[in-house]
Amino acid sequence: MVARVRLAGLLVLPALLVGAPAGLLAQAGPVAAGSAGSPVAWVMPSTVRIPSWSEPGHRTATSIEALRGETESFQVAVRAVGGSLSGVSLTVSPLVGPGGSRIGGRSIALFREQYVRVPHHSPAWSGRPIAWPSFPDALVPFIDPVTGRRPDRGARVPAAPFEVVAGHVQPVWVDVTVPRSATPGRYTGTWTVTSGHGSRHGTVALQVRDATLPATPTAGSRFGIRQIGNRRPAVEDLLLRYRVQPNPVEAAREPALGLRSVDLRLSSGADALNCDMTGPPSVATVRAAMARHPESTELYDYTADEVTHCPGVVEQLLNWARVLHAAGVDQMVTVVPRPELMDDGTGRPVVDIWVMTPWQLRLLDPAVRQQIEAAGGRVWSYQALVQGRRTPSWELDFPVTNYRVLGGFLNASQDVDGLLYWAVDQPQRDPWRDPTYAYPTSCCYPGDGTLVYPGRPAGVVGVVPSIRLAMVRDGMDDYDYVSMLRARGQAAQVDALLAPAATSWWDWTSDGRVLADVRHRLADLLEAPVPAG
């Protein structure tokens, strides 16, 4: 069994970094001290949540690494000592590397982390939730990625400059995106915190690995958009930057977006609260819907949602499968496999993309799994609410690394090739003020169905991303590392390296240090020569 640290990667104490792999997390540097009424600033890795009451850290030098085409992150925390701070901001210099090559400009993005209050914590069915009153989550951009300009300073949730109340901490998130043309090697630069009461600075080192991340993620995904309206193009672009496939997408934009797959959205309307499944459309209707999408895009229809316990579901799903398959479209359903759904009459499974929660996947009979794959079916994972037992719950008050491990090393270790999430912007509440999601039959699930925040309060077009969405992005990248190595015939080495992070649906880690170390070792393997034969 892998050793586990229950809340690892969550508390902001320098002791958390003891024993961390060199070159991955914040490196030892001078103590980030300050006089009364001046700022104290230090660096932390992206997998650590920083509470607003955190004591000062002791590191001002950070080291990160990434493939070409990859985005890697770190945090700079600012604490007000002896009095409140005003006019606080952060700058990061261009990173200078081999031969004077530079990574800077829009390749370095800064975000003020907004603390989001959690008035109602999650049920303790999947481990005890973290009882903080608020969590750093919303990433308010210094520069609006749509307009390329600073957001309005009069916004209700401003980015920078900002204030820090005496005795409190304000973190800033830093994304560094490595250009696909970057020369491999070591790049260095500096970060500087300025304020009306003095400044602090530190150093950044980036190791660009000699490998390139796929432009389109290897794993499939479907992240639902519910209520964006005329801001939809900005939201679609943001989700794609975070390495997940938005749904729905404006059909006219599909060719330019380079989507891997598209849902035809000919749904039966059935879900966990409604077993009334409408009949399938005609084959002609399906083909007409297909014609609205680029020929190179994989098409599927998400026919029904969570209908495992619905009576009569087998016959209805079979009717849909016959029509969809006749038109050449896959059927996606969140449902637990059963023998009656293994053959549509042609040897093809009734459901082509089986989507299940981690707990359902844990209970899936391996023989059934083999039968699905032998017939050409695929398996995806998804998460919603708090499923109970030991699963990586996706709520604000559970380890933030849960959002990374599910779609990353856990899916990869279990040969699951897709990730579904029901909504990034569920419309029940204003998440800036209260991120609580109350399911019609139970409550409460803070942050469920909300991975982005409305942009207007922050003065930006579209929406504001979250730290949790950044963790999802890192997980999609983790999956790509594994897929690239397996494609080179190095599956055995990969499986051995994955073991500390995930070996089964009940044996996985939320420890950010472990995830970083596994990623580092996979990158070493990617840079090594491919063994002959």
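The exercises below go through disulfides, one loop residue, a sheet and the nonpolar cores of a predicted model.

Residues are numbered from 1 along each chain as its sequence is written. In this predicted model, local features need pLDDT of at least 70, side-chain atom pairs count only at pLDDT 80 or more, and totals for chains, interfaces and linings use all residues, while side-chain values use heavy atoms, with hydrogens and water left out.

**Exercise 1. Find the disulfides and give the handedness of each.**

Step 1. A disulfide is a pair of cysteine sulfur atoms within 2.5 Å. The whole structure contains 2 disulfides by this criterion.

Step 2. One of them joins Cys-275 to Cys-310, with an S to S distance of 2.0 Å. Its S-S torsion is about -75°, so this disulfide is left-handed. The two cysteines are 35 residues apart: Cys-275 is in the loop between E16 and H3, and Cys-310 is in the loop between strand E17 (298-305) and helix H4 (313-327). Helices (H or I, at least four residues) and strands (E, at least two) are DSSP runs, numbered from the N terminus.

Step 3. Another joins Cys-443 to Cys-444, with an S to S distance of 1.6 Å. Here the torsion is about 70°, so the disulfide is right-handed.

Step 4. With the bonded cysteines numbered in sequence order, the pairing reads 1-2, 3-4.

**Exercise 2. Classify the four cysteines as buried, partly exposed or exposed.**

Step 1. Buried means under 20% relative accessible area, exposed over 50%, and partly exposed in between (1.4 Å probe, protein chains only).

Step 2. Cys-275 has 33% and is therefore partly exposed, whereas Cys-310, at 8%, is buried.

Step 3. Cys-443 has 46% and is partly exposed, whereas Cys-444, at 10%, is buried.

**Exercise 3. Describe the surroundings of Thr-278.**

Step 1. Thr-278 is in the loop between strand E16 (261-263) and helix H3 (283-290). Its relative accessibility is 42%, so Thr-278 is partly exposed.

Step 2. Contact means heavy atoms within 4.5 Å. Beyond its neighbours within four places in sequence, Thr-278 is in contact with Ser-267, Ser-268 and Trp-320.

Step 3. The Thr-278 side chain reaches the backbone oxygen of Ser-268 at 3.0 Å.

Step 4. Gln-316 is 38 residues from Thr-278 along the chain, and their C-alpha atoms are 8.3 Å apart.

**Exercise 4. Give the strand order of the open sheet and identify its edges.**

Step 1. Two strands pair if DSSP finds at least two bridges between them. The open sheet has 8 strands in the order E15-E14-E21-E20-E19-E18-E17-E16, with parallel pairing.

Step 2. The edges are strand E15 (246-247) and E16; each has a single partner strand, so one side of each lacks a neighbour in the sheet.

Step 3. Strand E14 (residues 220-224) is joined to E15 by 2 bridges. Gly-224 has Asn-247 in E15 as its bridge partner.

**Exercise 5. Name the residues with the most contacts inside the largest nonpolar core.**

Step 1. A nonpolar core is a set of buried Ala, Val, Leu, Ile, Met, Phe, Trp, Tyr and Cys residues joined through side-chain atoms within 4.5 Å.

Step 2. The largest core has 107 residues, and Phe-223, Val-286, Leu-317 and Phe-409 have the most contacts inside it. Helix H8 (residues 467-487) gives the most to this core, with 11 residues.

Step 3. A second, separate core has 46 residues, including Phe-74, Val-92, Phe-142 and Val-204.

How values were computed. Polar contact = N/O pair within 3.5 Å; in protein donor to acceptor, adjacent residues only side chain to side chain.
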